[in-house]
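Please look through the sequence and the structure shown here before reading on. The report that follows takes up one topic at a time, and it may help to find each named residue as it comes up.

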Amino acid sequence: MKQIVIEIIENALKELDVSVPENLSTLIETPKDYTNGDFAFACFSLAKELKKSPQQIATDLRELMHNPPEEFEEIQTSGPYINFYLNRKLLAQNLIQEIKDKGNDFGSAEALNKKLVIEFPSPNTNKPLHLGHLRNMAIGESISRIAQANGYEVVRANLNNDRGVHICKSMLAYQRWGEGKTPIDAEEKSDHFVGDFYVKFAEELKKDSKLEEESQEMLKKWEAGDSEIIALWKKMNAWALDGFKQTYKKFGITIDKEYFESQIYKEGKDIILGGLEKGIFQKREDGAIVINLEDEKLGEKVLLRSDGTSIYITQDIYLAKVKFDDFNPDESVYVTGNEQEYHFKVLFSVLDKLGLTDKEKLKHLAYGMVNLPNGRMKSREGTVVDADDLISEIQSLVKKELEARDTLEEKELENRSLKISLSALKYFLLKVDVKRDMVFNPEESISFEGDTGPYCQYSYARASSIMRKAGEKPEVIYPEELEDKEAELILKINEFKKVVADAYRTMNPALVANYAYKLSQVFNEFYHSCSVIDSIYKGLRLELTDSFRQVLKNALNLLGIQVIEVM
RNA sequence: GCCCGGGUAGCUCAGUCUGGAUAGAGCACUUCCCUCCUAAGGAAGGGGUCGCAGGUUCGAAUCCUGCCUCGGGCGCCA
């Protein structure tokens, strides 16, 4: 479409005998207000050369444009602007047909034959998931879906941080005070059961500072393969992982490939030594192997300890190689908090220098912190918002709302309330630009009105309700001119494909969330100003309603939000 | 000190990449609208030195420079 506009302008400029600006394409903008058309050309830049006012130039150019092609309804001047109006009826016809044909695939690109590996949520097995993990999971799952919609085959990989001194702390506390109980005895979700001992450890540590040392000793025993410690570790890890699995399922994320730190933490040494031989790394006087990244302003970074053991980055280098060996992806994305930005800059640089992979294939998707109104979440201070608790709290609020409206069977109440709660939560976590820190206010932030997930679901449910009550579907007749709200709805639907592409390009699900909201808003306005069932244009309006339903469903799906037919 | 992000309405955020037409939402506040497709909705209203100062440009919330301020990072931790 834009190409047609460019040609029209080019031809007019030639007739005026003006040189066509090289960047003409970027000079054509999309007006913010649809009443100013769908494309616009501002004539300011020509004023100097032509020695005429931009208004006059606009008028002159418009005259040279003659009649627009059928894709456009009209071309108008508005002061110094020339505004191009799409033929909205034609656009509506085409879109309605395309949406019908493609259904759930509307907005998705053709398969690219490219693979993307995305790493998330990568929890530690010493305590349950918290609000930060929910943001991680919401983003990871959404980016996965957005990548799929952009034609990628996606592998969701999860690195379980299942070893280390923090894990030993939970284990030590259990050994000391657990009395051999199990989560079943305690009637508690198993990862929470494990987490309780992590908290217990922190409490006891205040009274007895020797515990710190003891946890270090336990780690050494674990590394030495002490059978008793390994058995304890296996038992508690299984509890933690089993609990996570339940939360993943409830929250609606899937994982294609599980990696475990315990299986890779010793690896990577050979790669580092190889790099040393090639002269990419240096051996420092104290024996540590380092890389100098001064030219990238990243300083010097240790890659292998002087005693020859691995550190975090060593195993991450190894894991990167494993992932490339396992899947040979075209892109590899890591979803983590932005406090790890430095680590990933170094990691990517090392991988690139080693020739293990191309830097362009690597992407660190760093999201901002989730803060509470009174500051940062701190697990030691017990100010962490637990993921499972949060979900069930919101769900009970939704249940109350639902019960106030209608009497539902227990199963339906459970199902519907869960979908609504997750939409509230996911939308809330995704609507903010990924890179930004966000404030989570439990009382105020999770509301069901206005710019929220439930608002979008409500709009969908209303559209569904219209479709159910529609009865017979008369032939589609187009009026002389579409109503404002009809046209607006069509134009908004028309933006979806661009949103899908932009969301991937910028790795930002917020674009989709904001779009879903805006689309819902436009539909609600349409709904209020244009009666559907009781209209001579019932056929057309039913088509518009159904198209809206499909596109909103597709948009929400990219956020991992499931629609419901009845609210 | 250096590096990376933020600073837009009372609050939470869009818009900044790719400069243009009166800077947009939601919440909160003041009014309306359920005889009519679900009021978790719609309509109207008040509320802004777009952190500050320069610069580039016909035109700057948007680009450049400096400064202020908030958060994060700069471990042989993960």
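## Terms and overall picture

Helices, which are H or I runs of at least four residues, and strands, which are E runs of at least two, are taken from DSSP and numbered from the N terminus. A residue is called near a strand of RNA if one of its heavy atoms lies within 4 Å of that strand. The reader should keep in mind throughout that this is a predicted model.

Chain A has 22 helices and 14 strands, and its C-alpha atoms fill a box of roughly 85 × 70 × 40 Å, taken along the principal axes. Of the 567 residues in this chain, 52% are buried. Among the contacts in chain A with a separation of 6 or more, 73% are between residues that stand 24 or more positions apart. The accessible surface of the chain comes to about 27,600 Å², and carbon and sulfur atoms account for 46% of that surface.

## The surface near the RNA

Which residues come nearest to RNA strand B? There are 62 residues around the strand, and of these Y81, D286, Y458, S465 and Y527 come nearest. Sorted by class, the surface near RNA strand B has 27 nonpolar, eleven polar and 24 charged residues. Seen from the side of the RNA, 61% of the atoms of strand B within 4 Å of the protein belong to sugar or phosphate, while the rest belong to bases.

Some individual atom pairs can be picked out in this region. An N or O atom in the side chain of R405 is 2.5 Å from a phosphate oxygen of RNA strand B, and for the side chain of K32 the distance from such an atom to a phosphate oxygen of the strand is 3.5 Å. D437 has a polar side-chain atom that lies 3.3 Å from a sugar or linking oxygen of RNA strand B. The elements that give two or more residues to this surface are strand 4 (81-86), helix 15 (341-354), helix 16 (387-405), strand 14 (438-439), helix 18 (453-469) and helix 21 (510-529). The largest share, eight residues, comes from helix 21.

## Aromatic pairs

A search of the whole structure finds 22 aromatic pairs. One of them is formed by F44 and Y81, whose rings are edge-to-face, with 5.9 Å from centre to centre and 85 degrees between the planes. This pair links distant parts of the chain, since F44 is in the loop between strand 2 (39-42) and helix 3 (47-50), whereas Y81 is in strand 4, 37 residues apart from it. Are these two residues buried or exposed? F44 counts as partly exposed because its relative accessibility is 45%, and Y81 is also partly exposed, with a relative accessible area of 31%.

Another pair, F106 and F496, is stacked, with 6.2 Å from centre to centre and 20 degrees between the planes. Here too distant parts of the chain are linked, for F106 is in the loop between helix 5 (88-102) and strand 5 (114-119), and F496 is in helix 20 (residues 496-505), 390 residues apart. Both F106 and F496 are buried. Ring pairs also link Y174, F193, F197 and W239 into a cluster.

## A buried glutamate and its surroundings

E141 lies in helix 6 (residues 131-149). This residue counts as buried because its relative accessible area is 4%, and the cut-off for that word is under 20%. The side chains of E141 and R145 are joined by a polar contact of 2.7 Å. Leaving aside neighbours within four places in sequence, E141 is in contact with F120, R156, G252, I253 and T254.

F120 also takes part in a feature of the backbone, as the peptide bond from F120 to P121 is cis, with omega near -10 degrees. P121 has its place in the loop between strand 5 and helix 6.

## Positive phi angles in two loops

Where is K51 found in the chain? K51 is in the loop between helix 3 and helix 4 (54-64), and although it is not a glycine, it has a positive phi of about 55 degrees. K51 counts as exposed because its relative accessibility is 76%.

E179, which is not a glycine either, has a positive phi of about 55 degrees. E179 lies in the loop between helix 7 (165-177) and helix 8 (183-186), and at 65% relative accessibility E179 counts as exposed.

Note on methods
Residues are numbered from 1 along each chain as its sequence is written. Chains are lettered from A and ligands numbered from 1 in the order in which they are written. This is a predicted model: local features need pLDDT of at least 70, side-chain atom pairs count only at pLDDT 80 or more; totals for chains, interfaces and linings use all residues. Side-chain values use heavy atoms; hydrogens and water are left out. A polar contact is a pair of N or O atoms within 3.5 Å; within protein, one must be able to donate a hydrogen and the other to accept it, and residues adjacent in sequence count only if both atoms are side-chain atoms. Ala, Val, Leu, Ile, Met, Phe, Trp, Tyr, Cys and Pro count as nonpolar, Asp, Glu, Lys and Arg as charged, and the others, Gly among them, as polar. Buried means under 20% relative accessible area, exposed over 50%, partly exposed in between (1.4 Å probe, protein chains only). Contact means heavy atoms within 4.5 Å. Accessible areas come from the Shrake-Rupley method with a 1.4 Å probe; for residues, only the protein chains shown count as cover. Rings of Phe, Tyr and Trp (its six-membered ring) pair if their centres lie within 6.5 Å; planes under 30 degrees apart count as stacked, over 60 as edge-to-face and the rest as tilted.
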